[in-house]
Amino acid sequence: MSSKLGQLLVKEKLLTEGQLFEALKYQKDYGGRLGSILIALGYVSDDDITEILSRQYGVPSINLTYYDIDPEVIKLVPVDTVQKYQVIPLSRVGSTLTVATTDPTNVFAMDDIKFMTGFNVEPVVASEAQIRESIEKYYGTQQALELQKVYKAIEEKDEVALELEEDQQELGIDELQKSGEEAPIIKLVNMVIFDSLKRGASDIHVEPYEKDFRVRYRIDGVLYNIMDPPLKLKDAITSRLKIMSKLDISEKRLPQDGRIKVKLSMNGRRKDVDFRVSTLPTLFGEKIVLRVLDKEKLPLDMTKLGFEEAPLKKLDEAIAKPYGMMIVTGPTGSGKTSTLYSAINKLNTPETNIMTAEDPVEFNFPGINQVQVREQIGLTFAAALRSFLRQDPNIILVGEIRDFETAEIAIKAALTGHLVLSTLHTNDAPSSVNRLLNMGIEPFLVATSLNLICAQRLVRKVCSDCKKEVKTPHQVLLDIGFTAEEAKTAKTYKGEGCKTCNGTGYKGRIGLYEVMEITEEVQELILIGASARELRRKAAEQGMISLRQSGLIKIQQGMTTIEEVLRETVKT
């Protein structure tokens, strides 16, 4: 078919003899189907090939993009066959089965399908890309198909008697070590790790239950069920991950923390990725969570985090000051680390001594002195901070202010000529002041040390490939916080769901920010013990954009949806 297709395209003047020679040479050197090679080289399009084959062999062509196939028809042809011949069954009428193919001259494929199904086979032509997409849609992704092969290989191995006995007798350490190092298990775990990176996951959850064992990925802040390996693989997969993390595989009763460093090739280039690994004993085994630490995905440009122009200017001014304190606040997973790393990356110059105390250190940066907090040996945030002050620092980053002692040292450092950056867990910027006061810090220390407080949330971005405008009732826009004037012109968007966003309508995340500058008026309110509500009112008078307002701006810009903003913010 290769040479026939090539000659047909040359005959139709869609291809030159020179281009065909180049494509055939490439095929000889690297393998592959000629049609795919011609498309990849940009010589012809999918539609060109489909049209030529349809016309030459008198076979109808079909666009599979808008074609729904009955699941009962899919069951007639096994996955191995559709992959081998790159075909997809479309419909059955009486004793005739219609099959879409990229090569209507492949009589072996038609005969095989006729033999295994017992039906007469009628071919139609479809493009290779559409057939690949249909195979993934109806038979599962290549990842899932590979997993089936791995599971089958594991089932066929005699030594994989990994399931616990009826009396729940535990496997010994030697058996665990052996099962964790079997080739199919290694392949399975590697596939999970590689697939998580391809999908852009931030976390991998490996979770055992009484009758189930599942793997989930957190993608753009939402957990998705990815696969359900057989329960008998629970101990082997757990052991493999613990071996990779250099953890004690015999210790199942206590939580453990470790790290995996992997080198892999993606899109033709090599990259290093770290995984922070946490194990936790649960009722039915150890739950393992891997946090993906991909430095290439870490946004270090503050202009791309999602700040509005005025808040970003205030933040830049705050970190440019020689001393004082900046606090970033928000719940776990709201992007606080990214904001702090972006700030210290901007401040990282040869003339500056930057010291950080983190728990844990997620990313290491050249030129920054990073300390891993270890509370079990007495290296707490407070102890690290005390030592920092004897190390001649210019800028100090404290991973989190958790107690009075840490808060007191951080604030005193901010008052004695150091720029201090830290985080708190509060709902908004004004309530961070009250949290410090409730810890026992004197109001005059809080008022004089603070430069700025930044509260933030992360919301999912509308997928740009399937974004479309949707009509939203005027009253709904008013209810969520738009003014009457804004509601008249506001446009709202949603993603319809496509291959790029895995059908979710969302791709990537963007930050919502509430930046409260500590002005003289705000300082006076702190000194008299004003409530968070009073602080918010004063900050709003001075131009502070709230989290909800930041969300409304991004709705108008078509960056996110009403549902996302309502999920992460409250009306103030």
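I take buried to mean under 20% relative accessible area, and by that cut-off Asp220 is buried, because its relative accessible area is 16%. I note at the outset that the model is a predicted one.

**Backbone entries**

I looked up Asp220 for its backbone as well, and found its phi near 55°, a positive value in a residue other than glycine. I placed Asp220 in the loop between strand 5 (213-219) and strand 6 (222-227). For context I wrote down that most residues other than glycine have a negative phi, and that most peptide bonds are trans.

I then turned to Asp392, which is not a glycine either and has a positive phi of about 55°. I find Asp392 in the loop between helix 15 (381-388) and strand 13 (395-398). Is Asp392 buried or exposed? With a relative accessibility of 63%, Asp392 counts as exposed, whereas Asp220 is buried.

Which residues does the cis peptide bond join? I read omega as about 0° for the bond between Asp359 and Pro360, and I located Pro360 in the loop between strand 11 and strand 12.

**Aromatic entries**

I searched the whole structure for aromatic pairs and noted that three are found. In one of them the ring centres of Phe307 and Tyr513 are 3.7 Å apart and the planes stand at 20°, so I entered the pair as stacked. Phe307 belongs to the loop between strand 9 (285-293) and helix 13 (309-320), while Tyr513 belongs to strand 18 (residues 506-517), so the pair ties together parts that are 206 residues apart in sequence. I checked accessibility for each partner: Phe307 is buried at a relative accessible area of 9%, and Tyr513 is buried at 2%.

Next I recorded Tyr341 and Phe363, an edge-to-face pair with 6.1 Å from centre to centre and 80° between the planes. Because Tyr341 is in helix 14 (residues 336-347) and Phe363 in the loop between strand 11 (354-358) and strand 12 (369-372), this pair ties together parts that are 22 residues apart in sequence. I have both Tyr341 and Phe363 down as buried, and I see that Tyr341, Phe363 and Phe365 form one aromatic cluster.

I also looked for charges over rings, and noted Arg460 over the face of Tyr506 at 4.1 Å from the ring centre, as well as Lys467 over the face of Tyr493 at 5.1 Å from the ring centre.

**Helix entries**

How do helix 21 and helix 22 pack? I found an angle of about 170° between helix 21 (residues 520-527) and helix 22 (residues 532-541), with their axes 10 Å apart. Angles over 145 degrees count as roughly antiparallel, and helix 21 and helix 22 are therefore roughly antiparallel to each other. On the helix 21 side I listed Glu521, Val522, Leu525 and Ile526, which meet Glu534, Leu535 and Lys538 of helix 22. I sorted the residues of this contact into four nonpolar, no polar and three charged.

Ile526 came up again when I looked at Pro443, which touches Leu437, Ile526 and Leu527, residues up to four places away in sequence not being counted. Pro443 lies in helix 18 (residues 443-449) and is partly exposed, with a relative accessible area of 27%. I noted too that Pro443 and Val433, 10 residues apart in sequence, are 8.9 Å apart in space from C-alpha to C-alpha.

I went on to helix 23 (residues 547-556), where seven of the 10 residues are buried, so the helix is largely enclosed by the rest of the structure. The buried residues I listed are Leu547, Arg548, Ser550, Gly551, Leu552, Lys554 and Ile555. What covers them includes strand 15 (450-462), helix 19 (474-480), strand 17 (492-495), strand 18 and helix 24 (562-568). I added that helix 23 is followed by Gly558, whose phi is positive, near 75°.

**Entry on Ser95**

My last look-up was Ser95, in the loop between strand 1 (87-93) and strand 2 (96-101), which counts as partly exposed at 41% relative accessibility. Which residues is Ser95 in contact with, leaving aside its neighbours within four places in sequence? I found Phe119 and Asn120. Ser95 and Gly118, which are 23 residues apart in sequence, stand 8.1 Å apart in space, C-alpha to C-alpha.

How values were computed
Residues numbered from 1 in each chain as written. Predicted model: local features only at pLDDT ≥ 70, side-chain atom pairs only at ≥ 80, totals over all residues. Heavy atoms only, no water. Axes fitted to C-alpha atoms, helices over the stretch in contact; angles between N-to-C directions. Helix = DSSP H or I, 4+ residues; strand = E, 2+ residues; numbered from the N terminus. Parallel < 35°, antiparallel > 145°, perpendicular 65-115°, else oblique. Contact = heavy atoms within 4.5 Å. Nonpolar A, V, L, I, M, F, W, Y, C, P; charged D, E, K, R; others polar. Phe/Tyr/Trp six-rings, centres within 6.5 Å; stacked < 30°, edge-to-face > 60°. Buried < 20%, exposed > 50% of the residue type's maximum accessible area, 1.4 Å probe, protein only. Lys NZ or Arg CZ within 6 Å of the ring centre and 35° of its normal.
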